[in-house]
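Take a first look at the model below. Then follow the text through it, part by part.

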Amino acid sequence: MSTLVVLGTQWGDEGKGKVVHYIANQADYIVRFQGGNNAGHTLIYKDKPFVLHLIPSGILFPKKYCLIANGVVVDPIALKDEIAMLDDNGIAVKDRLFVSQQAHIILPYHKFIDSILEEGNVKIGTTKRGIGPCYCDKVKRIGIRLIDYLEKDVFEDLLEENLKEKNSILKNNGVNVKTLKKGILKDRNKLLKFITPFVADTSLMIENAIRNNKNILFESAQGSLLDLDFGTYPFVTSSNPIAGGVCSGVGIGPTKIASVLGVVKAYVTRVGEGPFASELFDKMGEFLREKGGEYGATTGRPRRCGWFDAVVVRHSVRVSDIKRLVLTKLDCMEDIERIKICVAYKYKGKIYKEFPVSRTVQKYAKPVYEEFPGFKGKVKGVTDFKKLPINAQKYVKRLECLVGAPIDLVSLGRKREETIEVNGSVKWF
Ligand code: IMP
């Protein structure tokens, strides 16, 4: 058996969808371990773009098992819609997609509360999919799991308790709680038959797969800087997309994780609020946004863009013990005259080489840059690393050195063939 964790090293949208899809042909199981339908993984399959929010990116390969593990929060309606979308495109998921019975479910009041909180004083810029409020209930020990959703009496009791607990926030914001409850019960009745066959003990399935020497890929939904503990708190998501999140998110021990692969974009983007030292507010930022099509796959929001931040990626490499990297979107930088890399931060005369924890330093630190000449040549379409313009090769080598992990794969587009295997073909498992 072998296991591989694939995760994002920045603030998400690094291109994990394409990478997982690229590697998934060597995997038997592809498993999501955190997040929910706040994610948006875009991939090209048979020349068609697909955006997946909840279902692992391996689903487009007909014979792969795809699991949504206990660490994920699941909106049953969103799940049904995504399965229907795949079905409409001729991709059957029956008997190979399974959702953990322990996954907590997102109900409409989580989404209301997410939106209401976003209108308050602390704006995070969430996706408003109800992710944070659902994880909040899990931690408060009042959450509703998929197994509870299937048991009528249990579900009705828990729903009643939850609506009581949230009564004032909902009522004060104009929600008719009785109507809301009726709608939730009606949805459940409609969804029950559909959802039941997908519900499974995914932890046990993974344990059996490991015993049977299967290859298992664990796919994170968000980037490491959105990690609840190691990200730019409080401007983070409500789960742990770092490698440590896999153990509790799927129910396996740490010694079962064989390797960790990080996905890193050649520049940086972020959606939502929060610190971003190398953000560009000028024409260069606009250039990257347009060239890279940097608009949220889930919300359509324009992404904030900036220069590559080696402090951020070095931090991610460390907290997840990343052994190798995939660099994406290098092609989007081909027409730039001069390129910068943020190598440290400076605040009140002090240089920070490690990612700072202080909110003040994160917010006000200025980037310290190294400058490089532009690539001066075509990058798009190249399939051999040595045929890249020499300045592009130097840029890649400098990134490796700054972040402390080798780059095994360079992606120059969404299609599978737009990928360079830097040191020849890679055995991922
Ligand atoms: P939430 O996960 O919807 O609660 O949002 C919390 C923060 O994570 C916000 O800044 C979101 O923009 C960000 N976020 C959540 N999911 C993604 C993603 O898939 N890509 C990029 N940012 C994300």
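Into which domains is the chain divided? There is domain 1 (2-103 + 199-259), then domain 2 (104-195), then domain 3 (264-421). Keep in mind that this is a predicted model. The centres of domain 1 and domain 3, taken over C-alpha atoms, are 24 Å apart. Their contact draws 35 residues from domain 1 and 38 residues from domain 3.

Now look inside. In soluble globular proteins, nonpolar side chains tend to be buried together. Here the largest nonpolar core has 75 residues. Phe 218, Leu 330 and Tyr 395 have the most contacts inside this core. Where does the core lie? Domain 1 (2-103 + 199-259) and domain 3 (264-421) both supply residues, so the core lies between them. Another core, of 58 residues, lies apart from it. Among its members are Ile 23, Phe 50, Ile 83 and Tyr 109.

Phe 218 deserves a second look. Leaving out residues up to four places away in sequence, Phe 218 touches Thr 3, Leu 4, Val 5 and Val 6. The list also includes Val 31, Phe 33, Ile 206, Val 246, Val 250 and Ile 252.

Move on to helix H3 (108-118). Which of its residues are buried? They are Tyr 109, His 110, Ile 113, Asp 114, Ile 116 and Glu 118. An α-helix has 3.6 residues a turn, so residues three or four places apart point the same way. The cover over the buried residues of H3 includes strand E8 (104-105) and H4. Helix H6 (152-165), helix H7 (167-172) and helix H8 (177-195) are also part of that cover.

Next comes the ligand. It is surrounded by 17 residues. The closest are Asp 13, Asn 38, Thr 127, Thr 237 and Arg 301. An oxygen atom of the ligand is 2.6 Å from an N or O atom in the side chain of Thr 237. A ligand oxygen atom also lies 3.2 Å from a polar backbone atom of Gly 125. On the nitrogen side, a ligand atom is 3.1 Å from an N or O atom in the side chain of Gln 222. How much of the ligand does the protein cover? On its own the ligand has 470 Å² of accessible area, and the protein covers 97% of it.

Turn to the loop between strand E10 (215-223) and helix H10 (244-251). Pro 234 is found there, and so is Ser 239. Is Ser 239 buried or exposed? Ser 239 has a relative accessible area of 5%, so it is buried. Its side chain makes a polar contact of 2.9 Å with the side chain of Gln 34. Neighbours within four places in sequence aside, Ser 239 is in contact with Gln 34, Gly 35, Tyr 135, Leu 226, Asp 227 and Leu 228.

Last, some backbone details. Most residues other than glycine have a negative phi, and most peptide bonds are trans. The peptide bond from Tyr 233 to Pro 234 is cis, with omega near 5 degrees. Asp 47 has a positive phi, near 65 degrees. Asp 47 sits in the loop between strand E3 (41-45) and strand E4 (48-52). With a relative accessible area of 65%, Asp 47 is exposed. Lys 128 also has a positive phi, of about 60 degrees. Its loop runs between helix H3 (108-118) and helix H4 (131-140). Lys 128 is partly exposed, at a relative accessible area of 40%.

Methods
Residues are numbered from 1 along each chain as its sequence is written. This is a predicted model: local features need pLDDT of at least 70, side-chain atom pairs count only at pLDDT 80 or more; totals for chains, interfaces and linings use all residues. Side-chain values use heavy atoms; hydrogens and water are left out. A nonpolar core is a set of buried Ala, Val, Leu, Ile, Met, Phe, Trp, Tyr and Cys residues joined through side-chain atoms within 4.5 Å. Buried means under 20% relative accessible area, exposed over 50%, partly exposed in between (1.4 Å probe, protein chains only). Domain bounds come from an automatic or database domain assignment. Contact means heavy atoms within 4.5 Å. Helices (H or I, at least four residues) and strands (E, at least two) are DSSP runs, numbered from the N terminus. A residue is near a molecule or strand if one of its heavy atoms lies within 4 Å of it. A polar contact is a pair of N or O atoms within 3.5 Å; within protein, one must be able to donate a hydrogen and the other to accept it, and residues adjacent in sequence count only if both atoms are side-chain atoms. Accessible areas come from the Shrake-Rupley method with a 1.4 Å probe; for residues, only the protein chains shown count as cover.
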